[in-house]
Amino acid sequence: MADQSVSASTGLDDGALTTMTESFSKLLEAAVPSEDRERQAQGLEKTPARAAKALAFFTKGYRDDLQALINGAVFDVEMDNMVVVKDIDMFSTCEHHLVPFMGKVHVGYLPSKKVLGLSKIARIVEMYGRRLQVQERLTKDIALGMMEAIKPAGVAVVVEATHMCMVMRGVQKPGSKTITSCMLGTFREDPRTREEFLTLIK
């Protein structure tokens, strides 16, 4: 069997994308009546392939590697003051309904003689967001990823998100927002440190 080429944008090989494309074709056949498929033939012709590539991109985080992502952007710095990056845009996919949820992520950490390049914090959010997720796990994944990356004295993560599974279906409540947090190390142990972080992200 010939080697399958791997897409740089999705991390999947051609065989996996072909399988996904075939599956999306079957989904459309089941969901859309034949007369409508004929009426929309031009628009739907390439939809299975497009949907496969989109889902592969939305789940690329499974195939990303934390250390490769950081790429050495860890720097020795003699400081222990809090570092906060707030309002990081986040997009993820609900593992229950395969619809999006999106919002903002706020990340803080207390360095232990090492700091992380600021763009890498956003990359860590992106890596864990590009998976099938629930917001609660996503919040913890980001915090644990930060701990693994630079082993700080503590990490705090707050995620605020709107879930399309609550807007487009189910209770259909637009405007609702879910807030989750994960506090590790000093942020969990010291109320004053935790309060400083929560004040800074307001």
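**Largest pocket and helix packing in the predicted model**

Strand β2 contributes six residues to the lining of the largest pocket, the largest share of that lining. The structure analysed here is a predicted model, and in it the volume of the largest pocket comes to about 430 Å³. The lining of this pocket comprises 20 residues, of which Phe57, Phe58, Phe91, Ser92 and Thr93 are the closest to the pocket centre. At least two lining residues are supplied by each of three elements, namely α4, β2 (83-94) and α6 (118-129). When the lining of the largest pocket is divided by class, 14 residues are nonpolar, three are polar and three are charged.

Helix α4, which contributes to the pocket lining, also packs against helix α1. The axes of α1 (residues 14-31) and α4 (residues 47-58) come within 8 Å of each other and cross at roughly 125°, an angle that makes α1 oblique to α4. The crossing in which α1 passes α4 is right-handed. On the α1 side, the contact involves Leu17, Met20, Thr21, Phe24, Ser25 and Leu28, and these meet Thr47, Pro48, Ala49, Ala51, Ala52, Lys53, Leu55 and Ala56 of α4. The residues of the contact between α1 and α4 comprise ten that are nonpolar, three that are polar and one that is charged.

Helix α6, likewise a contributor to the lining of the largest pocket, packs against helix α7 (residues 135-150) at an angle of about 135°, and the axes of α6 and α7 lie 9 Å apart. The two helices α6 and α7 are therefore oblique to each other, and the crossing in which α6 passes α7 is right-handed. From α6, the residues that make this contact are Ile121, Ile124, Val125, Tyr128 and Gly129, whereas α7 provides Leu138, Asp141, Ile142, Gly145, Met146 and Ala149. By class, the contact of α6 with α7 contains eight nonpolar residues, together with two polar residues and one charged residue.

Methods. Residues numbered from 1 in each chain as written. Predicted model: local features only at pLDDT ≥ 70, side-chain atom pairs only at ≥ 80, totals over all residues. Heavy atoms only, no water. Axes fitted to C-alpha atoms, helices over the stretch in contact; angles between N-to-C directions. Helix = DSSP H or I, 4+ residues; strand = E, 2+ residues; numbered from the N terminus. Parallel < 35°, antiparallel > 145°, perpendicular 65-115°, else oblique. Left-handed = near helix turned anticlockwise from the far one by under 90°. Contact = heavy atoms within 4.5 Å. Nonpolar A, V, L, I, M, F, W, Y, C, P; charged D, E, K, R; others polar. 1 Å grid on protein atoms, 1.4 Å probe; cavity = no way out; pocket = protein on both sides within 12 Å on 5 of 7 lines; lining within 4 Å. Points joined across faces, edges and corners; volume = space filled by probe spheres on them.
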